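Colleague: Could we go through this model together? I should like to begin with a side chain and its polar partners.

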Amino acid sequence: MKSPLQISTPPVIEHPLKKPKPESQAVSPEMKLVQEALFRHVGKPIPRKEDGRLISGKGRFSDDFSLPGQTFAAMVRSPYPHARILGIDASEALEIPGVLAVLTGADVLAEGLQPIPHNPVPSTNFDVKLRARDGSFPFTGPHYLLPADKARHVGEAVAIVVAETAAQAADAAERVMVDYEELPHVTESWEAARPGAPAVWDEVPDNVFVDSQFGDHEATDAAFATADHVVKAEFHIHRVTAVTMEPRSSLGHFDAGTGRYTLYAGSGGAVRQKNELSRVLGIEPNDLRVLSFDVGGNFGARNRVYVEFGLVLWASRKVGRPVKYTATRSEAFLTDYQGRDLVTKVELALDRDGKFLALKADNLSNVGGRCVSLSPLSKGSGLITGSYHIPAATLRARAVFTNTMCTQAYRSSGRPEVTFAIERIVELAARELGFDPLELRRKNLVPVEAMPYTNAVGSVYDSGEYEKNMDRALELSEWNAFEARKAEAAERGKLLGRGFANYVESSIGTPKERAEIEIKDDGTVEVVIGTQPSGQGHETSFAQVVADMIQVPVEKVWIVLGDTDIVSVGGGSHSGRSMRHAGTVMAMASADLLAEGRRRAAEHFEADPDAIEFEAGYFKLGGTNQAIDIFDLARRTRESHGVLRVVRDNEMHTPVFPNGAAVCEVEVDRDTGHVQITRYTTIDDVGRCINPLIVHGQSHGGIAQGVGQAMWELCALDASTGQPIAGSLMDYGMPRSDNMPSFKCEIAEVISPTNPLGIKAGGEGGTTPALATVVNAVVDALKDYGVTDMQMPVTPHAVWRAMNNGNGARELHAS
């Protein structure tokens with residue numbers, strides 16, 4: 001099989017709000033379309049290379065690292081949700097043997113340390129632009145390593161203690177006396193947005209720092225005025241946290257001899273952490289090395305810098321020794337970046353036949369005490385109409401500060417929230433107005449012939465077969481045999497319910513990525529890439545792409561990542577970007593490598609480059625039996641031409657839109673309200689699937705996280721005191737192997753026209769529809785009890801109360 005030496009520029013999809021410029025890869029003589037016929041490894045369920053290392057205890061997680069002479073850090077944390085810091089007395093703590101230093105927010109200011117530059121406002125070409133009410137760039141709240149003025153949530157670090165041992169540091173932290181002036185607090189977003197609520201920041205007296213509107217208001221109002229039916233609902237998609245297997249940990253070292261800092265810390269992207277922390281410390285980026293190897297779970301919670309990362313670096317310089325910090329599980333529940341927490345009011349206008357005419361949405365996002373990321377609000381804003389053709393829509397998108405831990409992108413960032421809203425209001429409309437829920441959906445789905453499709457707020461869906469996904473999910477779930485299963489369940493005293501949801505999500509992510517590919521003397525291929533896996537299998541799936549591009553066995557390709565002294569550029573892993581961005585730039589770099597190989601082979605054979613062919617890892621002189629494999633060529637030309645190595649940068653802004661459908665069946669116990677999921681089915685269109693074994697694993701994990709939020713997980717707070725009341729695994733429900741069924745998952749591959757490999761994304765689709773699918777199933781099971789809606793999580797207590805109160809509805813109006 002002959003390999004093309006070219007890759008085409010991806011087709012450009014026009015956006016109604018901003019016409020995209022051609023992506024940065026230029027068409028060169030060495031680029032043409034990657035042909036599917038090439039793929040020998042891509043699309044195959046190759047077992048993960050990294051698993052052998054991980055299951056045999058050879059993983060390199062942050063807490064596994066230690067340095068000679070290292071010390072340990074503990075944090076002094078605020079017990080109040082909102083309090084002025086009047087003073088900190090560390091004298092008693094400093095008297096404890098082994099204590100080396102106590103540092104405070106006043107020290108941070110005195111040293112000139114800068115706030116963490118989270119850059120929370122999404123800024124790629126196609127992100128929804130969020131602004132303050134007056135159109136200005138929003139105030140997001142400076143995030144210093146330690147605050148000097150106020151604590152703005154329970155658990156906020158107000159001082160760091162460094163000692164010889166972890167126990168000494170923890171004991172000393174309890175002896176640090178902080179003089180607080182307790183202030184009024186607010187924890188719920190709708191309370192924070194009301195006039196007269198306590199102000200979290202003086203700069204934003206009403207707490208609402210983002211207030212933007214999108215869509216065609218005139219067309220939407222006209223559609224509502226002529227609609228035969230209007231259905232209204234309000235939903236709160238509650239707050240959860242990632243509960244990563246590995247609590248966050250960091251080890252910082254300052255080398256006085258070289259003036260360089262080194263940080264060991266698992267994250268979503270070492271390059272970003274390096275750039276942001278260097279700005280905090282006021283140093284050149286090259287004076288900081290970040291090492292982020294194996295990461296024990298992320299889901300978005302590790303994508304942004306934590307204050308402890310900067311603190312251990314700064315403290316190491318202050319005490320002259322390495323400093324290590326590892327969070328306890330309770331600290332993680334208090335202070336890991338959290339997810340979701342959106343209140344949305346939705347109105348849907350329909351004609352008498354059930355055609356959707358227009359939609360109005362008002363989304364209110366709770367960002368916590370500081371704004372770390374507006375990704376959830378931005379990404380959700382572009383998808384309020386879901387998988388449906390709704391001709392007109394308007395959206396008001398607001399973000400508020402509260403006295404809670406900061407929220408951040410959490411698996412599928414913003415899309416499960418708006419999917420929940422649209423799928424629930426469609427379900428409610430069907431019930432209230434007498435339509436069949438499935439037929440109402442089918443009637444309004446975006447048809448395949450409309451692709452690429454521009455929705456009512458300007459997002460351009462690249463490709464998809466939504467009705468086909470819906471039909472296949474129903475078939476796999478044996479939807480038509482439900483009544484027989486329901487009757488059987490009733491004989492056992494159970495109520496059987498079923499839920500369905502369509503979904504579409506978006507994947508953009510940081511637009512820049514770099515790939516470096518080198519042919520090594522030992523007969524292997526080294527690929528340096530700037531993404532950061534946390535269980536996604538990059539070492540395997542990335543190797544599959546490169547192996548096919550340069551036609552070598554996949555076992556010979558090794559992926560290098562996570563060390564900023566080697567990885568100089570990279571956007572990390574978030575927003576489903578990794579395979580699409582890395583796959584594209586690796587394919588382009590592979591073409592460059594083969595082009596250089598062709599030039600060297602031409603010299604070797606004393607022939608014209610156009611006479612050189614490449615097949616099965618060999619450069620061949622056309623019309624002869626002369627050939628040389630790529631590894632031998634690299635060795636023979638090393639002295640004359642140097643290492644056979646290429647570096648390729650790429651910038652890609654155009655989003656993709658993975659999509660699919662899910663079906664859930666639940667049994668509800670009539671006496672206890674206990675909910676048991678008995679069946680779960682998904683169809684996920686991921687574009688080209690590089691490794692179906694890995695994608696299925698991603699789907700399973702995504703389902704578990706979405707189901708977990710729907711059924712058990714909740715970052716519960718006592719609103720009167722601001723105190724979190726879910727501070728351990730005793731208080732926070734989690735999905736487990738014994739409360740989840742086996743899944744029926746199928747991958748659909750509708751190739752995206754936006755990138756050379758046709759990839760969309762496969763890591764978040766399992767989560768996106770799960771919240772709606774589960775709640776739809778539980779409400780269906782309880783419909784004979786008059787229940788029309790349920791607030792998540794659908795715990796046995798909540799279900800039992802709904803059954804016995806005869807309603808679960810909240811703010812539902814139909815006309």
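Modeller: Certainly; please note that this is a predicted model. The side chain of Asp-780 reaches the backbone nitrogen of Arg-498 at 3.0 Å.

Colleague: Which side chain is joined to that of Asp-780 by a polar contact of 3.3 Å?

Modeller: That of Lys-783.

Colleague: And where is Asp-780 placed?

Modeller: Asp-780 lies in helix H20, which covers residues 770-781.

Colleague: Is Asp-780 buried or exposed?

Modeller: Asp-780 has a relative accessible area of 17%. The cut-off for buried is under 20%, so Asp-780 counts as buried.

Colleague: What does Asp-780 touch, not counting residues up to four places away in sequence?

Modeller: On that basis, Asp-780 touches Phe-482, Leu-496, Gly-497 and Arg-498. Arg-498 is also the residue whose backbone nitrogen the Asp-780 side chain reaches.

Colleague: Let us turn to the cysteines. How many disulfides does the structure hold?

Modeller: The structure holds zero disulfides.

Colleague: Why is there no bond between Cys-371 and Cys-406?

Modeller: The sulfur of Cys-371 has its closest cysteine sulfur in Cys-406, but the two are 8.4 Å apart, which is too far for a bond. A disulfide requires the sulfur atoms to be within 2.5 Å. Seen from Cys-406, the closest cysteine sulfur is that of Cys-371.

Colleague: Are these two buried or exposed?

Modeller: Cys-371 is buried, with a relative accessible area of 2%. Cys-406 is likewise buried, at 1% relative accessibility.

Colleague: Changing topic: what span should helix H15 have?

Modeller: H15 runs over residues 538-550, and at 1.5 Å a residue its 13 residues should span 18 Å. The C-alpha atoms at its ends are 18 Å apart, so the model agrees with the expected value.

Colleague: How many residues of H15 are buried?

Modeller: The count is 13 of the 13, so H15 is largely enclosed by the rest of the structure. Gln-551 follows H15 and has a positive phi, near 55 degrees.

Colleague: Finally, which residues have the most contacts inside the largest nonpolar core?

Modeller: They are Leu-374, Val-774 and Met-790, in a core of 102 residues. Apart from that core lies another, of 47 residues, including Met-75, Ala-265, Leu-313 and Val-372.

Colleague: What is Val-774 in contact with, leaving aside neighbours within four places in sequence?

Modeller: Val-774 is then in contact with Cys-664, Ile-677, Tyr-680, Val-707, Ala-710, Met-711 and Val-794.

Notes:
Residues numbered from 1 in each chain as written. Predicted model: local features only at pLDDT ≥ 70, side-chain atom pairs only at ≥ 80, totals over all residues. Heavy atoms only, no water. Helix = DSSP H or I, 4+ residues; strand = E, 2+ residues; numbered from the N terminus. Buried < 20%, exposed > 50% of the residue type's maximum accessible area, 1.4 Å probe, protein only. Polar contact = N/O pair within 3.5 Å; in protein donor to acceptor, adjacent residues only side chain to side chain. Contact = heavy atoms within 4.5 Å. Expected span 1.5 Å × (residues − 1). Core = buried A, V, L, I, M, F, W, Y, C linked by side-chain atoms within 4.5 Å.
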